[in-house]
Amino acid sequence: MPHESRLSFSAEELLANVPVKEPLIVKGVRCHGGFDADGGYHSPRTLWRVPAVEAWQKQHLATSPLPLVEIPEDVIPPHALGIEQAKFLVREGVREPVIRMLTEIAIVEGFGAMIRELPVPPLKSFIREDVAGTALEHLSRGLFEAHARDEAGWEQEGGHRQMWDAARDAAFSNPTISPEVFQGIMARRGQEPPAMFPELGPQVERLVRFMVNVLAIEVFARSTFAWAEDVLSDPTVSDAPKEAADLVRYIRSDEAPHVEYLRTALSEITARTLFGSGGKEFSGKQVVDALMDRALKVMTRQRQTERVAQLHDVIRRTANRADVEDLIAQYDALATPWTPPARYAA
Ligand SMILES: [Fe+2]
Ligand SMILES: [Fe+2]
């Protein structure tokens with residue numbers, strides 16, 4: 001059967017690589033992905049995963065009046081550390097905030113491995129309609145595993161975790177990494193939020209909430225990665241403008257399949273009916289929309305306020321200069337202005 005018409009794949013197929021001529025090797029570590037004879041980069045595990053997701057998207061659009069789930073651009077604030085702000089700090093000799101930002105990105109990418117631990121209850125136990133030949137059916141049959149491997153690496157092969165560390169170390173010539181970065185991330189990790197749909201049971205809500213959150217993180221990360229590519233490719237701030245920026249470009253291209261499979265599986269939920277153990281039903285759209293709305297409000301607020309305050313704190317503590325308040329005033333003047341959409345006010 002030609003691939004366009006197939007809707008069912010084995011886990012091995014969804015994890016299979018496009019054959020490449022040269023592997024990607026970074027600082028002696030073999031990373032995922034590789035290059036074809038023309039030097040073009042191919043993301044890992046995309047031989048079948050990419051056409052499979054396209055086929056599931058087409059099927060969703062052909063069988064449901066609902067569009068594919070989309071995160072509206074107007075809710076995404078600019079990156080908390082702006083491009084001009086980052087370059088200004090580095091040129092002023094204050095490198096720590098940028099180094100910490102890159103370290104944090106690497107650590108958070110490594111947490112992507114957790115997606116393979118996410119329990120997926122039997123789909124028939126909470127979805128009323130058929131799910132044969134959907135992305136949903138393949139979440140625990142290759143899709144979550146491929147995502148985990150892309151983010152955290154797999155066996156001897158490095159993934160995004162290792163690639164971000166390498167990009168940072170190339171651009172800033174092997175800086176010392178403060179343990180505060182990891183501690184700060186752990187301290188910010190919140191409790192599980194209150195249930196919005198207790199009748200569905202904690203496992204079902206956790207599954208949908210996790211997918212919604214990861215999709216939002218992936219989409220918000222686009223601007224983080226664009227920020228990194230711009231900053232790390234600037235020879236006035238980066239010691240390895242080509243090498244570091246190329247790595248970020250490879251990572252960015254690897255992220256597209258994550259966004260696409262998650263929005264496809266969530267779209268498939270929006271087109272179906274979810275039910276709990278007591279038989280109470282909800283439209284999948286209502287569940288996805290409510291969890292998405294809550295996640296986006298939290299993330300938008302964090303980026304706009306908490307992250308900005310943390311950056312001020314890091315500058316104050318690491319700049320080591322008497323005129324640090326002047327420096328911060330100049331830094332603040334370079335911030336990209338942004339207003340949240342009116343529906344997010346309050
Ligand atoms: Fe990633
Ligand atoms: Fe990702």
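In the predicted model, residue E218 is buried, with a relative accessibility of 9%. This glutamate takes part in the coordination of the iron ion (ligand 2), whose donors are E151 (OE), E218 (OE), E218 (OE), E255 (OE) and H258 (ND1), at 1.9 to 2.5 Å. E218 belongs to helix α8 (residues 202–232) and H258 to helix α9 (residues 241–270), so the two residues tie together parts of the chain that are 40 residues apart in sequence. H258 is likewise classed as buried, because its relative accessible area of 0% falls under the 20% limit for that class. Along the chain, the donors of the iron ion (ligand 2) follow the spacing E-x66-E-x36-E-x2-H.

A further metal site is formed around the iron ion (ligand 1). Its protein donors are E109 (OE), E151 (OE), H160 (ND1) and E255 (OE), which lie 1.9 to 2.1 Å from the ion. The spacing of these donor residues in sequence is E-x41-E-x8-H-x94-E. The four donor atoms subtend angles of 76 to 151 degrees around the iron ion (ligand 1), which makes the arrangement irregular. For comparison, a tetrahedral assignment of four donors would require all angles to lie between 85 and 135 degrees.

The two metal sites are connected through E151, which coordinates both the iron ion (ligand 1) and the iron ion (ligand 2); the ions are 3.4 Å apart. Distant parts of the chain are also linked here, since E109 is in helix α4 (residues 96–111) and E151 in helix α5 (residues 139–152), 42 residues apart. Both of these glutamates are shielded: E109 has a relative accessibility of 7% and counts as buried, and E151 is buried with a relative accessible area of 3%.

The strands of the model were examined next. Three strands form an open sheet in the order β1-β2-β3, with antiparallel pairing. Strands β1 (22–26) and β3 (41–42) stand at the edges, and each has a single partner strand, so one side of each is left without a neighbour in the sheet. Helix α6 (residues 160–171) packs on this sheet and touches β1, β2 and β3, its direction making about 100 degrees with that of β2.

The antiparallel pairing of β1 and β2 extends over five bridges. Among the bridged pairs, I25 is matched with R30 of β2, and L24 with C31 of β2. The hairpin of β1 and β2 has two residues between the strands, and K27 there takes a positive phi near 50 degrees. Strand β2 (residues 29–35) is joined to β3 by two bridges, and these strands run antiparallel. One such bridge places G34 opposite H42 of β3. In the hairpin of β2 and β3, five residues separate the strands, and G39 has a positive phi near 85 degrees. Five of the seven residues of β2 are buried, so this strand is largely enclosed by the rest of the structure.

Positive phi values were also found in loops. As a general rule, most residues other than glycine have a negative phi. N174, although not a glycine, has a positive phi of about 50 degrees. This asparagine is found in the loop between α6 and α7 (180–188), and its relative accessibility of 54% makes it count as exposed. N320, also not a glycine, has a positive phi of about 55 degrees. The loop between α10 and α11 contains N320, which is exposed with a relative accessible area of 74%.

Helix α11 (residues 324–333) has buried residues V324, L327, I328 and Y331. Viewed down the axis of α11, these buried residues fall within an arc of 100 degrees, so they line one face of the helix. D326 and A333, on the other side of α11, are exposed. The elements that cover the buried residues of α11 include α3 (83–91) and α10 (284–318).

Technical notes: Residues are numbered from 1 along each chain as its sequence is written. Chains are lettered from A and ligands numbered from 1 in the order in which they are written. This is a predicted model: local features need pLDDT of at least 70, side-chain atom pairs count only at pLDDT 80 or more; totals for chains, interfaces and linings use all residues. Side-chain values use heavy atoms; hydrogens and water are left out. Two strands pair if DSSP finds at least two bridges between them. Helices (H or I, at least four residues) and strands (E, at least two) are DSSP runs, numbered from the N terminus. Contact means heavy atoms within 4.5 Å. Axes are lines fitted to C-alpha atoms, for helices over the stretch in contact, and angles run from 0 to 180 degrees between N-to-C directions. Donors are N, O and S atoms within 2.8 Å of the metal (3.2 Å for Na, K and Ca); water is not among the atoms, so sites may look incomplete. Four donors count as tetrahedral if all angles lie between 85 and 135 degrees; four count as square planar and six as octahedral if opposite donors are over 155 degrees apart and all others between 65 and 115; anything else is irregular. Buried means under 20% relative accessible area, exposed over 50%, partly exposed in between (1.4 Å probe, protein chains only). The arc is that of the directions from the helix axis to the C-beta atoms.
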